[in-house]
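Open the model in your viewer and keep the selection panel handy. We will take a short walk, one stop at a time.

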Protein chains: 2
Amino acid sequence: MSQKYAQLLEKLHTINDVEKSIAVLGWDRETYMPIEGNAGRTAQVATLSAIAHELSTSDELGDLLAAAEQEQAGADYDSTPASMLRSVRRTYDEQRRFSSEFVKRSSAITGAAGAAWAKSRQDNDFASYQPHLEAAVSLAQEFAEILGYEDEKYDALLSQHERGLKTADVRRVFATLKSETVPLVMAIGEKLDAVDDRMLKQDFPIEAQRAMCHYAAESVGYDFKRGHLGEVHHPFSTSFGRNDVRITTRFAPEFAVSSIFAVLHEAGHAMYEQGVAEDLDRTPLGRGTSSGIHESQSRLIENQVGRSLGYWQLHFPELTRHFPKQLAGASVEQFHRAINKVQPSLIRVEADELTYNMHIMLRFELEQSLINGELRVADLPEAWRAKMQELLGVAPKTDTEGVLQDVHWSQAAFGYFPTYTLGNLYSAQFVAAAKQQDSSIEADLAKGDSTRLLAWLHKNVHQHGSKFDPAALCERATGSTLTAQPFVDYVREKYGAIYSL
Amino acid sequence: MSQKYAQLLEKLHTINDVEKSIAVLGWDRETYMPIEGNAGRTAQVATLSAIAHELSTSDELGDLLAAAEQEQAGADYDSTPASMLRSVRRTYDEQRRFSSEFVKRSSAITGAAGAAWAKSRQDNDFASYQPHLEAAVSLAQEFAEILGYEDEKYDALLSQHERGLKTADVRRVFATLKSETVPLVMAIGEKLDAVDDRMLKQDFPIEAQRAMCHYAAESVGYDFKRGHLGEVHHPFSTSFGRNDVRITTRFAPEFAVSSIFAVLHEAGHAMYEQGVAEDLDRTPLGRGTSSGIHESQSRLIENQVGRSLGYWQLHFPELTRHFPKQLAGASVEQFHRAINKVQPSLIRVEADELTYNMHIMLRFELEQSLINGELRVADLPEAWRAKMQELLGVAPKTDTEGVLQDVHWSQAAFGYFPTYTLGNLYSAQFVAAAKQQDSSIEADLAKGDSTRLLAWLHKNVHQHGSKFDPAALCERATGSTLTAQPFVDYVREKYGAIYSL
């Protein structure tokens, strides 16, 4: 390793350590911090964030970066140094474009909008939120202009979460997804009662849930020697480095199934971070490459593995051991049908695997219109209702159940929603490619064993961290750019069987 | 508030935030961090420590400090700005005296000595540890020379933990303590069987211990809205600011009483930190003023309150509710005698309230001799055995049970041990003064109610944080400098009754 690059790495280690310390402060805030500790914690996070920002945008770092680029000019494109320098250069140049005036104004706007959103949602009062959302849209537009773009403004926002992906590409795959799965949803809508999920709606003791969640995380390969399962209100996962990646879930007597699937979901995210190659640890490449690829790993474990019949044929005995009374008389087939019930509904976070994408496509279409100025914020509630009717055949009676349900837009986080569905699509594409490349994977999965699939994911996705942009990673792993077909095939087969279509 | 002082405060807030973030990383390491996370955590702590050190010793801070001192030259000695500037000046000048060469060498020596200590203790092999301890003694001597001192070298070390206190002062009060309590220990030694504590040596279910520990912490006034009880191997408390002060204990079936008293002890420390005045938060004054005063607060709650008959007359019903089988047939008087059994023994951390001080006086005498060069490390094991015989009438058969039992000296932490006994002495002096100043406090304590005592401590000790040096604080609160008499009176009365002396 050459001298300038080594010096740069040392600076990157320092910045990473500060960022990961912020992550620890954040984790502790959600898990164990007492309620009155919030003001002090906010100050600690703000101080470390300012230090990290200063280190990340210093002239000194810029000089060292330029020197390292010169030194490594001949490095192979796929090598770690070349990937590292590309990544650091991109982030450095981007961060330097934003004046501290913009950063401060941005915090002020999103801070006020977040508070206004929470209140308007509670009061079902869109009008009081409207000026704040208008300010957030303007802020996102300004943000896009500062970053720049080739084709359309929304590209700049999307690329913050899914580096290099164009809005036109997403529109194209979403169009296929829509044309292929809306009819499927509508067909299932005719036979909603074919699946009975009442067995899931009982009281499940929390101690037993805790034990089952621990078991479930281990069953898919989450490494507890390098992790911890915490308890929170809103589940998340977080990484402090490849050897300390935590998951969380929430426990309530009525949430047995949701606590288990939250754990599988977060374990999917966490195994991605646990699987990053050692030499990328403590650097900007030592984490998942994009929101969409990250979500593909969580969805894959939660849905493709965790909601499969094979998985439960193996693990149902353990589940009934923990909940003998609740599951008395239930067969594994009945349980498998119950956890895959499709139900068009109003709330995104409660949606099933199939209708979830409809919620996302709706948001994707609306936020493009907002950002390119075709839709006024004032007209948003009505546009929301119309799209819900078109995509899901249901419409909210109140804005609280409609346009006010998500926090994202108040934070000017436009371009994030599509990555949820991109995750679903990538996950199906990865599983299809893995099965094609190694025929034993399909047979293993049918027996509930995901060990070989995990090894494939480790080799083709996890170990690379952020070395490759998502599109490049997808193509390397599957031999093709992103396409909706594998997901369409997967849901057709799965729900065709469950609903006898 | 004037301009330069305000600017200085802002810098102090930043430094404090980084230091408290390090404390959060440390807490998480002891409580929830997975075993493989240690290397990453060590890097994070080292990075934040380097940042804190750089901020604390910068020329910029020095210039601002000098300007603020000039601006506040007329401030009242007792005012917060005057106390703040005295404290910051002292720390700044001290830290600037140590070269980074010394800091690095110091880490290397104590790192190696710590590892050698652990191994030699396990193997009962003092000889292999001896050169490391010699290096640690030399390091402490060098440290003292860099800091400087008026009367004797040990003063410089003691003052790191008990600011401003002279070794001669400690020798004087310890001499009284020794002459008054060694005969008491010897007298009790004649009637050891007078107290039966077999009821404490049973299996106590951990869930019930957990509930009782929570109850105990609340019973003495620990505020859970600003705290959290964690589970660890070696109990400690830690503060991230006055509104987030955590306590810990350890649970094992055979440790019911020790888990409860550990909680009371740590709650005493924590209430000191929770009680610091709001305007001192996020500054160097926003914490306890010395190790001795800190220990006085923990010992006071653990022993003067927690081992009193009044406390258990009020709370014994709750205890028996949690452990009905274990305590069946036991009276509160029997329980009170059992938790106050005196037993001269070899191990400091297992010692009772009375003999504990003998362990400390032994260490205090030996470490003075080591630091001033009168005792060679090679002769330490033998000196240890002789002193144990003199002070406690027992002598260790092995060095593991003797000179190798504590980690402190391997860390070159000389001057720390005496603060444990100083804490016992201060605690008795505080309680005596409180009772004298408010006669209802004695009556309340006899009924197990420590509310008024806590209010007295808050007013006279807690709220001041580090505004005053320990000696000044003690004199303000009790009207007298430190004296052993209140402690001697306390143990004479208590153990005289229990052992019918």
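Two residues are in contact here if their C-beta atoms, placed from the backbone, lie within 7 Å. Keep in mind that this is a predicted model.

**Stop one: the two chains together.** Colour chains A and B separately and pick out the residues that touch across the boundary. The contact takes 31 residues from chain A and 31 residues from chain B. On the side of chain A that touches chain B, helix H1 (3-31) and helix H2 (38-56) of chain A each supply at least two residues. H1(A) gives the largest share of that side, 8 residues. Now colour this side of chain A by residue type: you should find 13 nonpolar, 10 polar and 8 charged residues.

**Stop two: the symmetry.** Superpose the chains next. A turn of 180 degrees, with a shift of 0.1 Å along the axis, lays chain A on chain B with an RMSD of 0.1 Å. That is the relation of a two-fold axis. The copies meet through the same surface, because 100% of the interface residues of chain A are also interface residues in chain B.

**Stop three: a helix in chain B.** Select residues 59-71 of chain B, which form helix H3 with 13 residues. From first C-alpha to last, H3(B) reaches 18 Å, close to the 18 Å expected at 1.5 Å a residue. Which residues of H3(B) are buried? Show B:Leu61, B:Leu64, B:Leu65 and B:Ala68 as sticks. They cover an arc of only 105 degrees around the axis, which puts them on the same side of H3(B). Swing round to the other side, where B:Asp59, B:Asp63 and B:Gln70 are exposed.

Finally, add the cover over the buried residues of H3(B): it includes helix H1 (3-31), helix H2 (38-56) and helix H4 (80-97) of chain B.

Methods
Residues are numbered from 1 along each chain as its sequence is written. Chains are lettered from A and ligands numbered from 1 in the order in which they are written. This is a predicted model: local features need pLDDT of at least 70, side-chain atom pairs count only at pLDDT 80 or more; totals for chains, interfaces and linings use all residues. Helices (H or I, at least four residues) and strands (E, at least two) are DSSP runs, numbered from the N terminus. The expected span of a helix is 1.5 Å times one less than its number of residues. A residue is buried if 20 or more other C-beta atoms lie within 10 Å of its own, exposed if 12 or fewer, and partly exposed in between; C-beta atoms are placed from the backbone. The arc is that of the directions from the helix axis to the C-beta atoms. Ala, Val, Leu, Ile, Met, Phe, Trp, Tyr, Cys and Pro count as nonpolar, Asp, Glu, Lys and Arg as charged, and the others, Gly among them, as polar. Copies are superposed by least squares on the C-alpha atoms of residues with pLDDT of at least 70 in both.
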